[in-house]
Amino acid sequence: MSSPDVKKFALFVTGTDTGVGKTRVAAGLLARFRAAGMDAVPMKPVQTGCRLAKGRLVAPDLDFCLRAAGLKPGKRELADMAPYCFRPACSPHLAAKEAGVTLSLPVIERAFRRLSRAHEAVVVEGAGGVLVPLNERQTTLDLMIRLRLPVLLVARPGLGTLNHTLLSLRVLQEAGLTVLGVVLNQAKPGRWGRIEVDNCRTIERLGGVKVLGCLRYGAGVQSLFDTRSTRVPGGI
Ligand SMILES: Nc1ncnc2c1ncn2[C@@H]1O[C@H](COP(=O)(O)OP(=O)(O)O)[C@@H](O)[C@H]1O
Ligand SMILES: [Mg+2]
């Protein structure tokens with residue numbers, strides 16, 4: 001628990017797609033914050049693709065972050081950390097519809113505020129990308145706007161990332177959100193050559209943001225934002 005005079009901090013981790021490394025990056029950030037002595041906790045507002053364990057749905061992304069952070073929250077906090085859990089691995093709006101549930105942004109916001117009051121920092125991981133639908137009308141972008149959080153964008157480093165990353169940045173910036181920067185994460189084995197190096201520079205130039213870190217395939221989550229291991233030779 002944090003005392004009232006501790007400065008609060010939260011951020012929203014989004015990505016250009018599903019599978020780009022949002023969970024890995026969120027877990028890395030949490031681990032760094034906690035190693036620095038900060039009372040930081042994770043939140044996954046909408047989790048699809050949950051597994052069933054002992055009759056309860058387990059949110060895999062939240063689970064990964066909790067393990068990386070060495071946290072074992074109680075039942076009530078767990079419910080706030082993952083307020084909406086669904087079994088099918090599909091878009092949140094579809095999973096919710098199939099379960100007969102309408103995802104409510106106020107419900108998510110109340111859970112977030114409780115976590116934020118109780119802790120120094122909250123690292124929120126969105127589902128999929130910026131315009132992933134949450135219900136018939138609203139998307140993850142609406143949730144980010146409602147929570148008014150600065151955003152970190154996780155993207156692929158290689159071929160194809162420029163369009164996805166610049167599109168996502170354009171939408172975030174036009175919505176008036178603060179973009180903290182981009183992390184390029186290599187979720188699959190591969191080279192790091194001239195394309196990846198140029199992508200870093202091009203995203204910074206055309207996206208008007210910093211590429212804060214590059215996480216190579218297989219690098220431990222703890223190494224994120226450790227400049228010695230994230231600095232790519234010939235890169236940023
Ligand atoms: N830097 C990395 N090195 C090795 N595996 C990675 C890396 N980043 C992601 N992965 C793997 O790729 C998959 C997708 O990553 P994840 O963080 O779950 O993406 P997202 O949260 O965006 O869906 C996971 O199996 C994860 O372990
Ligand atoms: Mg994830």
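Mentor: By the rule used here, a residue is buried under 20% relative accessible area, exposed over 50% and partly exposed in between, with a 1.4 Å probe and protein chains only as cover. This is a predicted model, in which local features need pLDDT of at least 70, side-chain atom pairs count only at pLDDT 80 or more, totals for chains, interfaces and linings use all residues, and side-chain values use heavy atoms, without hydrogens or water. Residues are numbered from 1 along each chain as its sequence is written, while chains are lettered from A and ligands numbered from 1 in the order in which they are written.

Trainee: OK, cysteines then: how many disulfides does a search of the whole structure find?

Mentor: The search finds zero, where a disulfide is taken as a pair of cysteine sulfur atoms within 2.5 Å.

Trainee: Why no bond for Cys50, and which cysteine has the closest sulfur?

Mentor: The closest cysteine sulfur belongs to Cys85, and because it lies 4.1 Å from the sulfur of Cys50, it is too far away for a bond. The same holds from the other side, since Cys85 is in no disulfide and has Cys50 as its nearest cysteine sulfur, 4.1 Å away.

Trainee: And Cys50 itself, buried or exposed?

Mentor: Cys50 counts as buried, because its relative accessibility is 5%. Cys85 has a relative accessible area of 21%, so that residue is classed as partly exposed.

Trainee: Switching to charges, how many salt bridges are there?

Mentor: The count comes to 10, with a salt bridge defined as a side-chain nitrogen of Lys or Arg within 4 Å of a carboxyl oxygen of Asp or Glu.

Trainee: What does Asp39 pair with?

Mentor: Its side chain meets that of Arg34 in a salt bridge, at 3.7 Å from N to O. For the two partners, Asp39 counts as buried at 15% relative accessibility, whereas Arg34 is partly exposed, with a relative accessible area of 28%.

Trainee: What about Asp61, which side chain does that one meet?

Mentor: Asp61 meets Lys44 in a salt bridge, with an N to O distance of 2.9 Å. Asp61 lies in helix H2 and Lys44 in the loop between strand E2 (40-43) and strand E3 (46-47), so this pair ties together parts that are 17 residues apart in sequence. Those labels follow DSSP runs numbered from the N terminus, with at least four residues for a helix (H or I) and at least two for a strand (E).

Trainee: Are those two side chains in the open, or buried?

Mentor: Asp61 is buried, and Lys44 is as well; for Lys44 the relative accessibility is 4%.

Trainee: Which glutamate does Lys44 bridge to, and at what distance?

Mentor: Lys44 forms a salt bridge with Glu125, and the closest N and O atoms of that pair are 3.1 Å apart. Glu125 lies in strand E7 (residues 121-129) and Lys44 in the loop between E2 and E3, so the pair ties together parts that are 81 residues apart in sequence.

Trainee: Where does Glu125 fall, buried or exposed?

Mentor: Glu125 is buried, because its relative accessible area is 4%.

Trainee: So what do Lys44, Asp61 and Glu125 make up together?

Mentor: Lys44, Asp61 and Glu125 are linked in a network of salt bridges. In that network Lys44 meets Asp61 and also pairs with Glu125.
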